[in-house]
Amino acid sequence: MLFVSSRPYRSILTGLALFAGALFANKSTAQQKELYSYRDLSHKYYAAKKDSLKKNWTCPAVYKEKATQKKYKEYWEDRTDYITGAMERRCFIYEKEVQAYIDGIVTELMRANPKLIPKKPLLLIDRSSAVNAYSTGSDVLIVNLGLVTFANTREELAFVLAHELSHNMLRHSDNFMKERAEWFTSDEYKESMSSVLDSKYGRYSRLMKIYEGYTFSRSRHSRYHEGEADSLAVVMLKSSNIAFDPNFLLRLDSVDVQYKQPLKQPVKNYFASYNLPFDDWWVQKKSKGLSTRAYNFKDTTGIEDSLKTHPDCKLRYATVKKQGSMDKNWTSIPSAIHSKASRILIWNLFDDNMLTTCLYRVFMEKDKGNTDVWYNFMMHNVLGGLVYADNRLNRFNAVGVLKKEYISKDYYELQNMLEQMPKEPMEQYYNASRKAAFWSQMSEDAVAFKQLLHDVIKETDDKELSAALKTFSGKHGSSMYNEFTDHFTNK
Ligand SMILES: [Zn+2]
């Protein structure tokens, strides 16, 4: 991964020493501060806003043709439902510092381009780990935390924000809804549909042809839109005096292979501080035939464009590369922002029961020399989550197997380990982690969460479990970890 090689790392030895030191650290006076509060999750934070959004987003009357207007309104309302639904599903988070940082960039762009951006967009921070941002039209701008952790500089974030604002400016998504409404109510579409329905043979393939023609012109169209948004973004950056690095587009080319980034140490080393036996076969996939044998992990140089969600990055780079800033004045994203974004992401991956991805990200942080004990806490949660899933014969699901094309050899080994490690050592690791020294540095709610997780794992009877959940919610209702209780209480 490109973003890794561009960052300075401590040597492996220092990293290892720091890691071991972190797990068995002496009592520290510094207690972990709460990362965010339960009410910062979008279903709480945007609860009131959601209804006013629904009211204010009225579909404009554009078409005299009733059917077309009706279709347009349908798409319009789908979009509103999509955003308010995502708020209810707590896809977004309002974390003050991250929000303020991104908002600062948006404000700067807006002030320098009052004609292009006359109205401040609604900025939403999505907890997704996918490296992306998107605009939905109607002045909504959504930034994924995956992008915040991926970007190295403020200028890189500014480029993506300017690009998305440009989509809004150029009304790309509004026009898309209009085109769809027009096409699906057009005579041409109706005629081709009725001829398909009338035909006795090959209805399905004829139907596919109608849609294929449509999606083909769409994808050509969207490539053009990307170029348009890039060009306008560069203009916005220039008038804001924000430097532009076209190489970022090339970096974006690798976002779908984030977990191709190898670890700094063998998987085994990350478990060394538990001082427990580690069997090497856990990380090796037991071959069930020939299929697993021939896979070559050494070739990480390229991945087929067809696997990517951003196949046009190289093309986009070629178009704007001449407009890059010569006076390179890059501003690193503050480490506090990176660290917050990364922790919010990691918790969310755990809460979504994506245990391998969660743990891999923890290890990637340790590789950076990050000694924050919070990551040990998350490693504990993953071990607990694994025991819980195993007790319910649901381990495979919790491991969340990713395809080999997308992952490094180390990721593959960790995935194998979580899948194959026998129950007994798994519980030994979990129990050792319960007694580790880092707990003395954890916040009260995290320590209470350790007990809750343990009660959930034991789950001997429903009454005891619901009492444990109630105790936690009662004492730590404002804690971010309270989100976990929602899985059992259907909130
Ligand atoms: Zn775009």
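## Exercises on a predicted zinc-bound model

Buried residues make up 51% of the 491 residues in this protein, where buried means under 20% relative accessible area, exposed over 50% and partly exposed in between (1.4 Å probe, protein chains only). The model is predicted, so local features need pLDDT of at least 70 and side-chain atom pairs count only at pLDDT 80 or more, while totals for chains, interfaces and linings use all residues. Residues are numbered from 1 along each chain as its sequence is written, and side-chain values use heavy atoms, with hydrogens and water left out.

### Exercise 1: the zinc site

Task: find which protein atoms are the donors of the zinc ion, and explain why their arrangement is irregular.

Solution.
- Step 1. Look for donors, which are N, O and S atoms within 2.8 Å of the metal (3.2 Å for Na, K and Ca); water is not among the atoms, so sites may look incomplete.
- Step 2. You should find His-163 (NE2), His-167 (NE2) and Glu-226, which is listed twice through OE, at 2.1 to 2.5 Å from the zinc ion.
- Step 3. Write their spacing in sequence as H-x3-H-x58-E.
- Step 4. Place the histidines: His-163 and His-167 both belong to helix α8 (residues 154-169) and sit 4 residues apart, about one turn of the helix. Helices (H or I, at least four residues) and strands (E, at least two) are DSSP runs, numbered from the N terminus.
- Step 5. Check burial: His-163 counts as buried because its relative accessibility is 4%, and His-167 is buried too, at 10%.
- Step 6. Now the angles. Four donors count as tetrahedral if all angles lie between 85 and 135 degrees; four count as square planar and six as octahedral if opposite donors are over 155 degrees apart and all others between 65 and 115; anything else is irregular. Here the 4 donor atoms subtend angles of 54 to 126°, so the arrangement is irregular.

### Exercise 2: the sheet

Task: work out in what order the 3 strands stand in the sheet, and why β1 and β2 each have one side without a neighbour.

Solution.
- Step 1. Two strands pair if DSSP finds at least two bridges between them.
- Step 2. The order is β1-β3-β2, in an open sheet with mixed pairing.
- Step 3. β1 (122-126) and β2 (133-137) are at the edges with a single partner strand each, so one side of each has no neighbour in the sheet.
- Step 4. Follow one pair: β1 and β3 (residues 140-144) run in the parallel sense over 5 bridges, and Leu-122 is found opposite Val-140 in β3.

### Exercise 3: two aromatic pairs

Task: the model has 35 aromatic pairs; decide whether the pair Tyr-45 and Tyr-94 is stacked or edge-to-face, and do likewise for Phe-377 and Phe-449.

Solution.
- Step 1. Rings of Phe, Tyr and Trp (its six-membered ring) pair if their centres lie within 6.5 Å; planes under 30 degrees apart count as stacked, over 60 as edge-to-face and the rest as tilted.
- Step 2. Tyr-45 and Tyr-94 are stacked, at 4.1 Å centre to centre with 5° between the planes.
- Step 3. Tyr-45 lies in helix α3 (residues 42-45) and Tyr-94 in the loop between α5 and α6 (96-112), so the pair ties together parts 49 residues apart in sequence.
- Step 4. Tyr-45 is partly exposed at 37% relative accessible area, and Tyr-94 is partly exposed at 23%.
- Step 5. The ring centres of Phe-377 and Phe-449 are 6.2 Å apart and the planes meet at 70°, so this pair is edge-to-face.
- Step 6. Phe-377 is buried at 0% relative accessible area, and Phe-449 is buried at 0% as well.
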